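Trainee: I've got this model open and I'd like to go through some of the labels people put on it. Can we take them one at a time?

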Amino acid sequence: MTIGTCLVLAVPPQIVAAADVETSDDQAVFSDETASVRTLTGDETAGEKLYRRNCRACHGATAGGASSYPKLVGHPTAFLVDRVARYRAGERFGPNTPLMAQGVKTLSDQNIADVAAFIVSLDQN
């Protein structure tokens, strides 16, 4: 079993309060929805299984993006965790939100950490 990145982030209150502010792809604005995910250790092997089942069709086999679906590889773990948790919480980010919301609504906090660990591992290979 491969263990991924452990997220333990101290997030200043002003960043949490700014959770509705749109950010660039390299920045994560942390919201209350991500608080429980940020302290979990992701399992790359479990994340790969989840990615293949839930993400690969749109984001591609290597998370490089496809068509109107963005590239995921190359983003920091915190960004990926934050974005997926916010989709799961119902936040809208663009035209693909309904597809993302449907795909992530049943993911647990651990599932999100696992998928993020797998995606980050792709950038390290």
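Trainee: Which ring does the charged end of arginine 83 sit over?

Mentor: That's the ring of phenylalanine 93, and the charged end is 3.9 Å from the ring's centre. Keep in mind that this is a predicted model.

Trainee: What makes tyrosine 87 and phenylalanine 93 an edge-to-face pair?

Mentor: Check two values. Their ring centres are 4.9 Å apart and their planes are at 70 degrees. Pairing needs centres within 6.5 Å, and an angle over 60 counts as edge-to-face, so the label fits. Tyrosine 87 and phenylalanine 93 are both buried, too.

Trainee: How many aromatic pairs are there by this rule?

Mentor: The count is 2. Tyrosine 51 and phenylalanine 118 also pair, with centres 5.5 Å apart and planes at 50 degrees, so that pair is called tilted.

Trainee: What does the pair of tyrosine 51 and phenylalanine 118 tie together?

Mentor: Tyrosine 51 is in helix α2 and phenylalanine 118 in helix α6, so the pair links parts 67 residues apart in sequence.

Trainee: Why is threonine 97 called buried?

Mentor: Its relative accessible area is 3%, and buried means under 20%, so threonine 97 qualifies. Threonine 97 belongs to helix α5 and touches Tyr87, Glu91 and Arg92, leaving aside residues up to four places away in sequence.

Trainee: How do you know that the span of helix α6 agrees with its number of residues?

Mentor: With 16 residues at 1.5 Å a residue, helix α6 should span 22 Å; its end C-alpha atoms are 23 Å apart, so the two agree.

Notes: Residues are numbered from 1 along each chain as its sequence is written. This is a predicted model: local features need pLDDT of at least 70, side-chain atom pairs count only at pLDDT 80 or more; totals for chains, interfaces and linings use all residues. Side-chain values use heavy atoms; hydrogens and water are left out. Helices (H or I, at least four residues) and strands (E, at least two) are DSSP runs, numbered from the N terminus. The expected span of a helix is 1.5 Å times one less than its number of residues. Buried means under 20% relative accessible area, exposed over 50%, partly exposed in between (1.4 Å probe, protein chains only). Contact means heavy atoms within 4.5 Å. Rings of Phe, Tyr and Trp (its six-membered ring) pair if their centres lie within 6.5 Å; planes under 30 degrees apart count as stacked, over 60 as edge-to-face and the rest as tilted. A charge sits over a ring if NZ of Lys or CZ of Arg is within 6 Å of the ring centre and within 35 degrees of the ring normal.
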